[in-house]
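The following exercises concern strand pairing and cysteine geometry. Please work through each task before reading its solution.

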Amino acid sequence: MIRVAFALARREFVRFMRQPHRVIGTVAQPILFWLFLGSGFNASFHAPGMNGVSYLQYFYPGVMLMMMLFASIFSSITIIEDRDAGFLQSVLVAPVSRMAIVLGKVMGGVSIAMVQTLIFTIAAPFLGMPLGLPSLGLLILAYVLSSAGFAAMGFFFAWTMRTSSGFHAIMMVFLMPLWMLSGALFPLENAPGWLHAVMIINPVSHALVLMRGPFYSAPAQLFADHRWLLALGVTLVWDAVFLLGSMARVQRREKGAPA
Amino acid sequence: MIQIENLTHVYPASRKTPARTAINSLTLTVEEGQFCILSGPNGSGKSTLFRILCGMSLPSAGTIRIAGHDLFKEPGKARAEMGVVFQSPAVDKHLTVGENLRLHADLYGLSASVYAERLAEAMAWTDLKDRLNDKVDTLSGGLARQVELAKALLTRPRLLLLDEPTTGLDPASRRNFIDALHKIQRERRMTVLMTSHIFSEAEDADRVAIMKAGNLLAFDSPQNLRGRLGREMVVLQSRGAVVLEGRIRADLHLKTRRHGDEIRLEETDNGASLPILEKLLATFRDDIDSIAIKQPALEDVFIHLTGLQKSDTSENGEVQ
């Protein structure tokens with residue numbers, strides 16, 4: 001199963017790298033977003049309990065999350081293209097585990113998202129947010145776990161869709177708010193009560209906690225921090241739910257009505 | 001190799017369309033090593049049957065065994081025995097020929113040494129040798145089809161399923177494709193089931209199945225199928241075919257069938273065609289545009305069988 005998943009993931013990655021405009025577009029857009037918004041809000045930003053944190057710094061993991069979120073989810077969109085182009089049918093008739101088909105796509109999405117985010121991570125030391133090696137390790141773990149969850153969610157929704165424009169529309173309506181209410185743009189602490197509640201149940205905000213942690217706390221502290229551990233737990237459950245859900249969707253074969 | 005028993009497939013009703021029976025209690029056995037063509041007019045249910053055979057959908061009722069494995073209960077085992085060539089391309093156009101073949105080998109778990117050997121084998125019968133590093137996108141239609149076939153054969157399937165594989169090819173490429181397929185099928189004693197509209201492709205087959213409205217009308221060798229029509233027939237063209245048909249029936253007491261402007265007298269005994277032709281010319285010369293004696297081809301059998309069915313059971317294929 002692992003071999004099949006790797007072979008399929010490699011295909012995703014190779015395809016991505018062969019489309020340079022896709023590479024440039026997905027990396028450049030969040031960076032511009034970060035620079036423009038970050039510079040604009042920098043002077044007026046004061047996070048409670050985060051003295052001395054500039055908005056460019058505060059927003060940095062948020063943009064990272066945005067990159068991760070969009071890269072992962074939209075890599076799953078290719079399942080619609082695969083179905084249209086006919087490639088998917090040859091995978092479906094192969095004697096391969098259905099989970100391998102899901103994992104192939106998800107691992108492909110994770111690897112693509114990783115390339116982008118890792119490029120972006122190079123900026124961290126220059127922002128005055130240096131990362132030790134153990135922290136970097138935890139950060140990468142956070143990338144992989146949250147990216148896998150997003151990619152699996154994308155797979156789950158894309159599987160039954162017939163056009164990629166429909167997927168775009170739904171994901172924009174769905175994803176943008178999730179991202180905005182995750183604490184990526186502004187801290188959760190001074191938001192009104194109802195908004196705060198939404199943020200708590202939003203899985204994307206947990207992914208953000210997971211990513212922001214390594215920048216501000218040492219790994220030992222994180223493993224003692226119940227908020228970070230909760231975020232880790234939520235993300236793991238999220239991964240499992242959508243991976244299994246996607247597998248169930250692939251497994252389901254269209255069935256004739258009772259005769 | 002393939003045992004289909006009482007297979008029925010009903011497409012469920014939706015808001016706009018009523019339920020539709022695509023396959024109606026079909027039973028069919030394809031022996032190991034046979035080259036079998038599955039034919040039928042559009043909407044006959046052959047595409048549905050193909051989808052079910054390659055394990056993409058589940059029927060309403062019935063069983064299929066592939067090389068002894070129950071296709072619905074042990075799909076993994078059945079899938080491992082077969083190769084599939086789809087009508088639409090099933091390779092990744094953005095990858096090279098070699099990358100596509102490699103990916104396929106990975107999906108079927110071929111080891112590196114087996115893959116190298118099979119690749120060499122494939123290069124021997126295809127024209128892809130110099131194109132391995134080219135993207136499939138850049139290949140001609142004929143070469144792209146060769147990739148599909150080479151890919152499916154890489155795993156040495158005991159059963160090869162093909163869905164109208166020559167659609168869109170020019171006649172020369174089509175010939176090449178079919179010849180290569182026949183050659184490999186004989187060498188490997190592989191079982192082949194191929195859907196096709198093209199009767200020249202069916203003439204060399206061991207068995208031809210003809211479907212119509214979800215029913216199996218005939219399943220026999222091409223020779224026996226041709227035998228069903230007698231040996232010869234008289235075919236004539238006329239602009240007033242409707243009137244002429246009536247007069248031939250009334251005046252000469254002959255059995256006729258009409259397809260548009262064409263009238264056919266199919267049930268003629270050997271040697272009887274020429275006298276009939278002479279009689280027709282003598283009686284109706286002015287109404288006849290052209291007339292000929294024809295040896296039946298598979299296409300004629302097909303038209304005979306599928307045309308017959310239409311008038312008899314027009315309701316067949318609807319769920320009451």
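**Exercise 1.** Determine how many bridges join strand β1 of chain B to β2(B), and place this pair within its sheet.

*Solution.*
1. In this predicted model, strand β1(B), residues 2-11, is joined to β2(B) by seven bridges, and the two run antiparallel.
2. Within this pairing, Leu7(B) has Leu26(B) of β2(B) opposite.
3. The pair belongs to an open sheet of four strands in chain B, ordered β2-β1-β5-β6 with antiparallel pairing.
4. The edge positions are held by β2 (20-30) and β6 (69-70) of chain B; each has a single partner strand, so one side of each lacks a neighbour in the sheet.

**Exercise 2.** Identify which strands of chain B helix α1 touches, and state the angle between the directions of α1 and β1(B).

*Solution.*
1. Helix α1 of chain B, residues 46-53, packs on the sheet.
2. The strands touched by α1 are β1, β2 and β5 (61-66) of chain B.
3. The directions of α1 and β1(B) make an angle of about 120°.

**Exercise 3.** State how many disulfides the structure holds, and decide whether Cys36(B) is buried or exposed.

*Solution.*
1. Over all chains, the count of disulfides is zero.
2. For Cys36(B), the nearest cysteine sulfur is that of Cys54(B), 15 Å away. A disulfide requires two cysteine sulfur atoms within 2.5 Å, and Cys36(B) is in none.
3. Cys54(B) is likewise in no disulfide, its nearest cysteine sulfur being that of Cys36(B).
4. Buried means under 20% relative accessible area. Cys36(B), at 0%, is therefore buried, and Cys54(B), at 1%, is buried also.

Notes: Residues numbered from 1 in each chain as written. Chains lettered and ligands numbered in written order. Predicted model: local features only at pLDDT ≥ 70, side-chain atom pairs only at ≥ 80, totals over all residues. Heavy atoms only, no water. Pairing = 2+ DSSP bridges. Contact = heavy atoms within 4.5 Å. Axes fitted to C-alpha atoms, helices over the stretch in contact; angles between N-to-C directions. Buried < 20%, exposed > 50% of the residue type's maximum accessible area, 1.4 Å probe, protein only.
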